[in-house]
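Q: Please take a close look at one aromatic cluster and at the sheet and core around that cluster. A formal account with explicit cut-offs would be welcome.

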Amino acid sequence: MIHAKGVAEVTDADFTAEVLAERDRPVLVEFTADWCGPCRQLAPVLSAVAAEEAGRLKVVQIDADANPGAVTRYGVLSLPTMLLFRDGEPVRQIVGARPRRRLLQELDEALVTA
């Protein structure tokens, strides 16, 4: 899996505890895979967002190939897909790589309206 520095990895086994049970702050989950070129482009962006927004947003990654349960449950059809969860529910889906500024803008909009 392409690992973004400073971003924790979750699996099907701990998805409920790490994502769905989080009540203190929203969780951004990136579905990724080793073979995904745009995922490589997104890794430094996710690292930056995780560092900048640590107080108000938890950022994690999940390997789509190794964790088919979450992929199926949330209907992930292409990579990278990011899902923003609030209180255990997905409130926003973002598909494809983005520059940091655009991703932060989309997250700000989702966090305000969610």
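A: The account below begins with the basis of the values and then turns to the rings, the core, the sheet and the adjoining loops.

The model is predicted, so local features are given only at pLDDT of at least 70 and side-chain atom pairs only at pLDDT 80 or more, whereas totals for chains, interfaces and linings use all residues. Residues are numbered from 1 along each chain as its sequence is written, and side-chain values use heavy atoms, with hydrogens and water left out.

The structure holds three aromatic pairs; rings of Phe, Tyr and Trp (its six-membered ring) pair if their centres lie within 6.5 Å, with planes under 30 degrees apart counted as stacked, over 60 as edge-to-face and the rest as tilted. One of them joins Phe15 and Tyr74 in a tilted arrangement, at 5.7 Å centre to centre and 35° between the planes. This pair links distant parts of the chain, since Phe15 lies in helix α1 and Tyr74 in the loop between α3 and β4, 59 residues apart. Helices (H or I, at least four residues) and strands (E, at least two) are DSSP runs, numbered from the N terminus. Phe15 counts as buried because its relative accessibility is 0%, and Tyr74 is also buried, at 18%; buried means under 20% relative accessible area, exposed over 50%, and partly exposed in between (1.4 Å probe, protein chains only). Phe15 also pairs with Phe85, here edge-to-face, at 5.8 Å centre to centre and 75° between the planes. Phe85 belongs to strand β4, 70 residues away from Phe15, and both Phe15 and Phe85 are buried. Ring pairs thus link Phe15, Tyr74 and Phe85 into a cluster.

Beyond its neighbours within four places in sequence, Phe15 is in contact with Val10, Leu20, Val29, Ile62, Ala70, Arg73, Tyr74 and Phe85, where contact means heavy atoms within 4.5 Å. The largest nonpolar core has 40 residues, of which Phe15, Val29, Phe31, Leu46 and Phe85 touch the most other members. Such a core is a set of buried Ala, Val, Leu, Ile, Met, Phe, Trp, Tyr and Cys residues joined through side-chain atoms within 4.5 Å. At least two residues of this core come from each of α1 (15-20), β2 (27-32), α2, β3, α3 (68-73), β4 (81-86) and α4 (100-113). The greatest contribution is that of α2, with seven residues.

Five strands form an open sheet of mixed pairing, in the order β1-β3-β2-β4-β5; two strands pair if DSSP finds at least two bridges between them. Because β1 (8-10) and β5 stand at the edges with a single partner strand each, one side of each is left without a neighbour in the sheet. Phe85 stands opposite Pro90 in β5, and β4 and β5 pair in the antiparallel sense over six bridges. Helix α2 lies across β2, β3 and β4, running at about 165° to β2; axes are lines fitted to C-alpha atoms, for helices over the stretch in contact, and angles run from 0 to 180 degrees between N-to-C directions.

Two backbone features adjoin β4. Pro80, in the loop between α3 and β4, is joined to Leu79 by a cis peptide bond with omega of about -5°. Asp87 lies in the loop between β4 and β5 (89-95) and has a positive phi of about 55° although it is not a glycine. Most residues other than glycine have a negative phi, and most peptide bonds are trans. Asp87 is partly exposed, with a relative accessible area of 45%.
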